[in-house]
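Work through the exercises below with the model open. Try each task before reading its solution.

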Amino acid sequence: MVAPTLLFQDTGENNMKITEIIGGEKPSLSFEVFPPKTSDNFETVKKATEEIALLKPSYMSVTYGAGGGTSQYTVSIAENLQKNFSVPSLAHLSCVSSTKDEIMSQLGLLKEKGIENILALRGDIPEGMSKEHLDYHYASELTREIKEYGGFCIGGACYPEAHPESSTSFDDIRYLKEKVDAGCEFLVTQMFFDNDVLYNFMYRIREAGINVPVVAGIMPVTNPKSIKRICRISGSALPQRFCRIVDKYGDNPEAMTEAGIAYATQQIIDLYANGINAVHVYSMNKPEVARKIQSNVSAIIGL
Ligand code: FAD
C-alpha cells in the first residue's frame, strides 16, 4: 500500500505569509500541532501532522519547546508540512530560555528551510530561574530582533482574559501595543470559551491603537482531565454552560469528544458570523478532531 505522504507529495512549496492568508475576505481555518518531546515518537507525531495537512487547512502552526532536540523538531515538522503538503507553516519560537546565539542559529535554520512565518514568544519562565542574566525578558525583544534579521512575517500571542502574570488587563494591552510596534504583524489569541470575552478584547485593543489582524484560538475540549489544569495555567475562564457539558459527559470519552467538538464548532460559527475571519484550532495532533471541525464549517469557509 502506498503511504498517504507519498500520494500527496507536492512538488511546489507553499510559503505564503500568514498576513496574506488571513488578510482577505475569505474565512481562514488553521490547525496547531506540537512536535514530539523525544525522537522515539517522532514518526507517530509526524504522521498525525501529515493527516491534518491532508485536510489542506489555511496554514498549520507548530509549537516550540525550548531547549534540547524539540526545537529542531519544530523546524523539521514545519518544513515537511510546507514542502511535501503545500500547507504554509507558522513556526513558534520562544526566547526566555535561550541565548542570543541560540536564537540567531534558530533563525538561520528557519531561513535555510524556507519557513517564512514565526510566532515570536517569550515562553514560560522555568521555576527558580533567575531573571538577572537572561538575554530576553519579553517577546517584544525577540520580535524586534527577528524584524532586524529580516525576511520573516512575525506574529505574537495575545490574551483576551489578560496574561496570568499581568497586574491589570490595561497593562497587558499596553505591553501588547509595544510588541506590535516592535514588529508583530498579526496576533493569535490564547484559547477562550466565551466569545463575548473576545469581542470585548477586540474593542479594547482597537481603542488602544492595535490594528493588526487577530486570529482567534479555539480549543475543542475532548479530554476534561487536562482542561482544568490548562485553564489554571492560561487564565481562561470556563463558562457555566461549558462546565455543565464537562460534568455530564466528562466520564464518557466518546460523548465528551462529540460535545467538545460541537461546542468548539458553535464558537467558530459565531466568530465567523461576527466578522472574525481567522480561526486557529488547537487540534493537539488529533486528525479526527481537525477533520470533524473542518467538515462542520466546510460550506461556511467555502471548501
Ligand atoms: P510576552 O508578550 O512577553 O508577555 C508576557 C508577560 O509580560 C505579560 O504579562 C505581559 O503583559 C508582560 N510584559 C510584556 N512586556 C513587558 C514589559 N516591557 N514590562 C513589563 N511587563 C511586560 N509557549 C511555548 O513555550 N511554546 C509555544 O509554542 C507556545 N505557543 C503559544 C501560542 C499562543 C497562541 C499562546 C497564546 C501562547 C503560547 N505559548 C507557548 C505560551 C507563552 O509562551 C506563555 O504564555 C508565556 O508566559 C508568555 O509569552 P508571550 O510571548 O505572550 O510573552
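**Exercise 1. Decide whether Thr 265 is buried or exposed, then find its partners.**

Solution. Start with accessibility. Thr 265 has 7% relative accessibility, so it counts as buried. Buried means under 20% relative accessible area, exposed over 50%, and partly exposed in between (1.4 Å probe, protein chains only). Next, place the residue. Thr 265 belongs to helix H11, residues 253-273. Helices (H or I, at least four residues) and strands (E, at least two) are DSSP runs, numbered from the N terminus. Now list the neighbours. Leaving out residues up to four places away in sequence, Thr 265 touches Ile 293, Asn 296 and Val 297. Contact here means heavy atoms within 4.5 Å. Finally, look for a polar contact. The side chains of Thr 265 and Asn 296 make one at 3.0 Å. A polar contact is a pair of N or O atoms within 3.5 Å; within protein, one must be able to donate a hydrogen and the other to accept it, and residues adjacent in sequence count only if both atoms are side-chain atoms.

Two notes on the source. This is a predicted model, where local features need pLDDT of at least 70, side-chain atom pairs count only at pLDDT 80 or more, and totals for chains, interfaces and linings use all residues. Residues are numbered from 1 along each chain as its sequence is written, and side-chain values use heavy atoms, with hydrogens and water left out.

**Exercise 2. Describe the surroundings of Phe 201.**

Solution. Phe 201 sits in helix H8, residues 195-207. Its relative accessible area is 2%, so Phe 201 is buried. Not counting residues up to four places away in sequence, Phe 201 touches Cys 158, Tyr 159, Pro 160, Ile 173 and Leu 176. Then check a distance. Ser 169 is 32 residues from Phe 201 along the chain, and their C-alpha atoms are separated by 9.6 Å.

**Exercise 3. Which residues come nearest to the ligand?**

Solution. There are 22 residues around the ligand, and Tyr 64, Asp 124, Tyr 159, Asp 172 and Lys 179 come nearest. A residue is near a molecule or strand if one of its heavy atoms lies within 4 Å of it. Sort the shell by class: 10 residues are nonpolar, 7 polar and 5 charged. Then sort by element. S4 (117-121), H7 (169-182) and S6 (186-189) each supply at least two shell residues. H7 gives the largest share, 4 residues.

Now go to the ligand oxygens. One oxygen atom lies 2.8 Å from a polar backbone atom of Ala 139. In the side chain of His 163, an N or O atom is 2.8 Å from a ligand oxygen. For Ser 166, a polar side-chain atom is 2.8 Å from an oxygen atom of the ligand. Taken alone, the ligand exposes 980 Å², and the protein buries 84% of that. Accessible areas come from the Shrake-Rupley method with a 1.4 Å probe; for residues, only the protein chains shown count as cover.

**Exercise 4. Compare Lys 56 and Ser 86 by phi, loop and accessibility.**

Solution. Recall the background. Most residues other than glycine have a negative phi. Lys 56 has a positive phi, near 55 degrees. For Ser 86, phi is positive too, near 55 degrees. Lys 56 lies in the loop between helix H3 (42-53) and strand S2 (60-62). Ser 86 lies in the loop between helix H4 (70-85) and strand S3 (89-94). Lys 56 is partly exposed, at 38% relative accessibility. Ser 86 is buried, with a relative accessible area of 15%.

Technical notes. Nonpolar A, V, L, I, M, F, W, Y, C, P; charged D, E, K, R; others polar.
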